[in-house]
Amino acid sequence: MAQLFLPANSRIKRGKHWALPTTSSAKRVRVKDFKVYRWNGVKGERPRLDRYKLDLNSCGPMVLDGLIAIKNKIDSTLTFRRSCREGVCGSCAMNIDGTNTLACTKPMASVRGSIKVYPLPHCSVIKDLVANLDGSYRQLATIEPWLQAATEVGKGKGKDKSKGMRERKQTPQARAALDGSYECILCFCCSTSCPSYWWNPDKYLGPAVLLQAYRWLMDSRDGAEQKRLRALADPFKLYRCHTIMNCTNACPKGLNPAKAIAEIKKMVAKKPKDTLQGYL
Ligand code: SF4
Ligand code: SF4
Ligand code: FES
């Protein structure tokens, strides 16, 4: 259950001030100040807020570019996740300037004053800006996020079973029904900004996982709707959503998980009660 006070060793203390690296560039230096959450993963140690000064001429325009420049030129111990650096993989999700977002698509120029960077909120921290998302991924596995077709498509014969296999076709309308959900990159910016998820992260599935559940419910090739809805019809897994809408405001891909959750609730409501186990 939720813990309503901060343990003493989680209070952030003042950290190091890192000087601007000397530059041989003839260009006028454009300095940006970063305040970055640091915790070295050692139990009992308090986290700190380190300050870095960075010359914007020495790196790209996004917050992730700034963090990479800090790591490469100032402090190699700074730890964060990143991969695609173009808003596709979801790994650089963090809290920047008070908002959950992707560091690789957040321009430094959009932040006035110091750029404050923290890990995603209400998660345990592994190190520095790396939030622990194990629980969220375990929840994702429970909704079985893969196609479960009701019928087999033509199987190959002999040794090569894939030979002769046919694709499962969709009409343009059926394919369009996935718009707004297939684009989710599982960054968890939404779930970690949802108050209901903060209080019940072990029981409520949260907007990211529910959007994934909706994506498979809407897939015309999937035949497991009844099973999927039965698994979701639960007072905590689905009905902890109180339409607060933080999730939709937070999504850096412009998706609307709150609407997807409302649609799942409608699907559950349309089913005869005796076909769904549990609460309702
Ligand atoms: S709409 Fe639901 S899922 Fe989204 S933030 Fe609110 S309670 Fe959480
Ligand atoms: S819905 Fe948006 S914020 Fe949530 S996990 Fe998917 S891409 Fe990230
Ligand atoms: S690095 Fe992949 S989304 Fe930012």
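**Exercise 1.** In this predicted model, determine how far apart the C-alpha centres of domain 1 and domain 2 lie, and then describe the side of domain 1 that touches domain 2.

*Solution.* Begin with the centres: those of domain 1 and domain 2, computed from the C-alpha atoms, are 31 Å apart. Next, recall where the domains run, since the assignment places domain 1 at 8–130, while domain 2 consists of two stretches, 134–147 + 172–275. Then turn to the contacts, for which the C-beta atoms of two residues must lie within 7 Å; by this criterion, 14 residues of domain 1 are in contact with 10 residues of domain 2. On the side of domain 1, strand β5, residues 99–102, gives the most, with 4 residues. Finally, sort this side by class, which yields 7 nonpolar and 7 polar residues but no charged ones.

**Exercise 2.** Work out which residues and helices form the shell around ligand 1.

*Solution.* Start with the residues: ligand 1 is surrounded by 14, of which the closest are Cys-194, Cys-241, Ile-244, Cys-247 and Ala-258. Then consider the helices, where α4 (195–199), α7 (246–250) and α8 (257–270) each supply at least two residues, and α8 has the largest share, with 3 residues. By class, the shell around ligand 1 holds 10 nonpolar and 4 polar residues, and no charged residue.

**Exercise 3.** Carry out the corresponding analysis for the shell around ligand 2.

*Solution.* Around ligand 2 there are 15 residues, and the closest are Cys-184, Cys-187, Cys-190, Ala-208 and Cys-251. Helix α5, residues 206–217, gives the most to this shell, with 3 residues. Sorting by class completes the solution, as the shell around ligand 2 comprises 14 nonpolar residues and 1 charged residue, with no polar ones.

Terms used:
Residues are numbered from 1 along each chain as its sequence is written. Chains are lettered from A and ligands numbered from 1 in the order in which they are written. This is a predicted model: local features need pLDDT of at least 70, side-chain atom pairs count only at pLDDT 80 or more; totals for chains, interfaces and linings use all residues. Domain bounds come from an automatic or database domain assignment. Ala, Val, Leu, Ile, Met, Phe, Trp, Tyr, Cys and Pro count as nonpolar, Asp, Glu, Lys and Arg as charged, and the others, Gly among them, as polar. A residue is near a molecule or strand if its C-beta atom, placed from the backbone, lies within 6 Å of it.
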